[in-house]
Amino acid sequence: MLDAESRREGVLLVGEYHDVIAAETEITKARIDRDRAIARTAQLEAQLVEAISADAHDGIRQRHEQAARLADETTKAIEVEYPNFAIRIIDLADRERRADEAIAAVMDEAISAGLDLPDIPTPSSRVWGRKYLRPLTFRERLSLPETDGNPAHGAASREVTMEAAFALGGVGQPPPVPVFQ
């Protein structure tokens, strides 16, 4: 376009009328070509933005589907596997309690009888005694939501259920009503 404008300036002073019109026509054609290139560039940039956005949206949709599948699979695994795991874990906590009680009882007996027997470390102190500053027991830290066969255990037993919240204050969901046929 600059070349066309330079030619126009040259013919304005010394050229014929038709030479000036020809130069003006060249400028107009160059301007149209430039405007077309600008419009096409804008169109291509808009298409690129749209394509990038569509790819991003597709990626998000795929990750959403993957997350939903993972949630479904995990829910099924919890429903199927958790009750048995909970039973085994609660059994371990009960075994720990019995061991701690047996240790305490025999150590009290030994002291009462005047026997100087070595201390028996508790199971939790044997497992975690060197790791944590404050002594802990496995059963004290245990928190398990209820299952069909087991009540909630530990901190989970102090959680308010939807049924209790409804019964106490009308909040949450009412218990399901059995349907008799």
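How far apart are the mean positions of the positive and negative charges of the protein? In this predicted model, the mean positions of the 22 positive and 32 negative charges are 3 Å apart.

The overall architecture is a good place to start. The secondary structure of the protein consists of 5 helices and 2 strands, and read from the N terminus the elements follow the order α-α-α-α-β-β-α. The radius of gyration is 41 Å, well over the 16 Å that the globule rule gives for 181 residues, so the protein is more spread out than a compact globule. Along the principal axes, the C-alpha trace spans about 135 × 60 × 30 Å. Of the 181 residues, 13% are buried. The accessible surface amounts to about 14,900 Å², and carbon and sulfur atoms account for 58% of that area. As for contacts between residues at least 6 apart in sequence, 38% of them join residues at least 24 apart.

Helix 2 covers residues 17–112, and two of its alanines give a feel for the model. Alanine 23 lies in this helix and, with a relative accessibility of 5%, falls under the 20% limit for burial, so alanine 23 counts as buried. Its C-alpha atom is separated by 93 Å from that of arginine 130, with the two positions 107 residues apart along the chain counted as their spacing. Alanine 93 is also found in helix 2, and at 3% relative accessibility this residue counts as buried. Between the C-alpha atoms of alanine 93 and alanine 54, which are 39 residues apart along the chain, the separation is 53 Å. Once residues up to four places away in sequence are set aside, alanine 93 touches Phe138, Arg139, Leu142 and His153.

Phe138, one of those contacts of alanine 93, also takes part in an aromatic pair. The count for the model comes to 1 aromatic pair. The ring centres of tryptophan 128 and phenylalanine 138 are 6.1 Å apart and the ring planes meet at 10°; because planes under 30 degrees apart count as stacked, this pair is stacked. The pair links distant parts of the chain, with tryptophan 128 in helix 3 (residues 123–128) and phenylalanine 138 in helix 4 (residues 138–141), 10 residues apart. Both partners are partly exposed: tryptophan 128 has a relative accessibility of 29%, and phenylalanine 138 has one of 24%.

The loop between helix 3 and helix 4 holds threonine 137. This threonine is buried, with a relative accessible area of 14%. Leaving out residues up to four places away in sequence, threonine 137 touches Glu96, Asp100 and Ser124.

A further loop, between strand 1 (143–144) and strand 2 (153–154), contains alanine 152. Here the relative accessible area is 25%, and alanine 152 is partly exposed. Apart from neighbours within four places in sequence, alanine 152 is in contact with Leu144, Pro145, Glu146 and Ser157. Serine 124, which is among the contacts of threonine 137, lies 28 residues from alanine 152 along the chain, and the C-alpha atoms of serine 124 and alanine 152 are separated by 22 Å.

How values were computed
Residues are numbered from 1 along each chain as its sequence is written. This is a predicted model: local features need pLDDT of at least 70, side-chain atom pairs count only at pLDDT 80 or more; totals for chains, interfaces and linings use all residues. Side-chain values use heavy atoms; hydrogens and water are left out. Rings of Phe, Tyr and Trp (its six-membered ring) pair if their centres lie within 6.5 Å; planes under 30 degrees apart count as stacked, over 60 as edge-to-face and the rest as tilted. Helices (H or I, at least four residues) and strands (E, at least two) are DSSP runs, numbered from the N terminus. Buried means under 20% relative accessible area, exposed over 50%, partly exposed in between (1.4 Å probe, protein chains only). The radius of gyration is taken over C-alpha atoms; the globule rule is 2.2 Å times the number of residues to the power 0.38. Contact means heavy atoms within 4.5 Å. Accessible areas come from the Shrake-Rupley method with a 1.4 Å probe; for residues, only the protein chains shown count as cover. Lys and Arg count as positive and Asp and Glu as negative; His and the chain ends are not counted. The place of a charge is taken as NZ of Lys, CZ of Arg, CG of Asp or CD of Glu.
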